[in-house]
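Reader: Could you walk me through this structure, one piece at a time?
Author: Gladly, and please interrupt whenever a term is unclear.

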Amino acid sequence: MIDDQEVSFYNDNGYLVVDEIYSAEEVAKMRAVVDELVDKASGLTDHDSVYDLEPSHTAERPRVRRIKEMYNVHPLFREMAEHPKLISVMTKLLGPNLILHGGKINIKAASYGSPVEWHQDWAFYPHTNDDVLAVGVMLDDMTEENGPLLIAPGSHKGPTFDHHVDGVFAGAVDPEGCPIDFSKAGRVTGKAGACSFHHVRAMHGSEQNRSGKDRMLMLYQVAAADAWDLRRFNETWEERESRVIAGTSTLEPRLVQTPIRLPYPPARHEGSIYENQRAMKRRFFDFDTNPEKVAEFAD
Ligand SMILES: O=C(O)CCC(=O)C(=O)O
């Protein structure tokens, strides 16, 4: 699926986009399941273990912002993590042994879908080595207008920045204190079925979706099987094995010197990155959460 030049692009920049990993039929199947799941959120008044809700959500007009760990919610999403084309790309980037360690569907609906402040995934889940990435499966076309993923090229080779506010984890960097030039970020776009791959240390974020087009992005968090999550030594062996999506696991973690910061004390607002980031004193992206205003955009 990818050649050596694309691997070099990923190694140099910390991200890559590959077209046509999933077929139109596969995307349609996944979208249909998401639609069913979103319908089930009507009546919810608060976030739960599956759904994260937009600030403008009401029980009558459900607005789901995220479906958490979708592979535990519907088997199709677990199956799609092992798609041969996807595995072929990740094998080139991370090696033959791969483990799924998290995931979500960020819905970012037309007119109001929430922004995500600048952050590095590494600040959330450091591992024993950084052969770890997130795949963004585009379930809609991701365009310049509908809040595409923005990634600061080369930032995966730099420091891990402070993601705390007043000493408590908040899941984002202070845009004023961070030396990264966000205006130089790559804007990740592609057709539905394409996938982005971003390195776990790459600085990234995205704007609120004020366009008229949905931007649904399903993220699989994948690691080389010898990268062990530093926060997670308490699951059973069977649980860990069930997350292997290619090759085999190992009991010999590979240790590599990387800049690590731990996400403790836990965020004031837990449940999702959107909630964690509510504690930020300064935001980079405009964010209209006023339900009246946001409803206006949507109508
Ligand atoms: O959906 C996006 O634009 C950002 C995704 C992301 O970085 C996250 O959910 O952690």
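Reader: In what sense do β2 and β3 pair, and over how many bridges?
Author: Strand β2 (residues 51–53) pairs with β3 in the antiparallel sense, over three bridges, where strands count as paired if DSSP finds at least two bridges between them. Strands here are DSSP runs of E with at least two residues, and helices are runs of H or I with at least four residues, all numbered from the N terminus. One facing pair is Tyr51, which stands opposite Ile67 in β3.

Reader: Before I go on, what kind of model is this, and how are residues numbered?
Author: This is a predicted model, in which local features need pLDDT of at least 70 and side-chain atom pairs count only at pLDDT 80 or more, while totals for chains, interfaces and linings use all residues. Residues are numbered from 1 along each chain as its sequence is written.

Reader: Back to β3, then: how many of its residues are buried?
Author: Four of the five residues of β3 (residues 64–68) are buried, so that strand is mostly covered; a residue is buried if 20 or more other C-beta atoms lie within 10 Å of its own, exposed if 12 or fewer, and partly exposed in between, with C-beta atoms placed from the backbone.

Reader: And which way does β3 run against β4?
Author: Strands β3 and β4 (residues 98–106) run antiparallel and are joined by three bridges. Arg66 stands opposite Asn106 in β4, and the bridge partner of Ile67 in β4 is Ile105.

Reader: Why is β4 described as largely enclosed?
Author: Seven of the nine residues of β4 are buried, so β4 is largely enclosed by the rest of the structure. Strand β4 is also joined to β13 by eight bridges, and these two run antiparallel, with Lys104 standing opposite Leu219 in β13. Two bridges join β4 to strand β14 (residues 244–246), again antiparallel, and there the partner of Ile99 is Val244.

Reader: Changing topic, what surrounds the ligand?
Author: The ligand is surrounded by Asn106, Lys108, Val116, Leu149, His204, Ser206, Leu217, Leu219 and Ile273, counting a residue as near if its C-beta atom, placed from the backbone, lies within 6 Å of the ligand. The elements that give two or more residues to this shell are β12 (203–206) and β13 (217–224).

Reader: Which strands make up the open sheet that has β12 in it?
Author: Four strands form that open sheet, in the order β5-β12-β7-β10, with antiparallel pairing. Strands β5 (116–120) and β10 (186–188) stand at the edges with a single partner strand each, so one side of each is left without a neighbour in the sheet. Inside the sheet, β7 (residues 149–151) pairs with β12 over two bridges, and Leu150 stands opposite Gly205 in β12.

Reader: What about Glu145, is it buried, exposed or partly exposed?
Author: Glu145 counts as partly exposed, because it has 14 C-beta neighbours inside 10 Å. Glu145 lies in the loop between β6 (132–138) and β7, and, not counting residues up to four places away in sequence, Glu145 touches Ser211 and Lys213, where contact requires C-beta atoms, placed from the backbone, within 7 Å.

Reader: Lastly, how many helices and strands does the chain have?
Author: The chain has eight helices and 14 strands, and 42% of its 299 residues count as buried.

Conventions. Contact = placed C-beta atoms within 7 Å.
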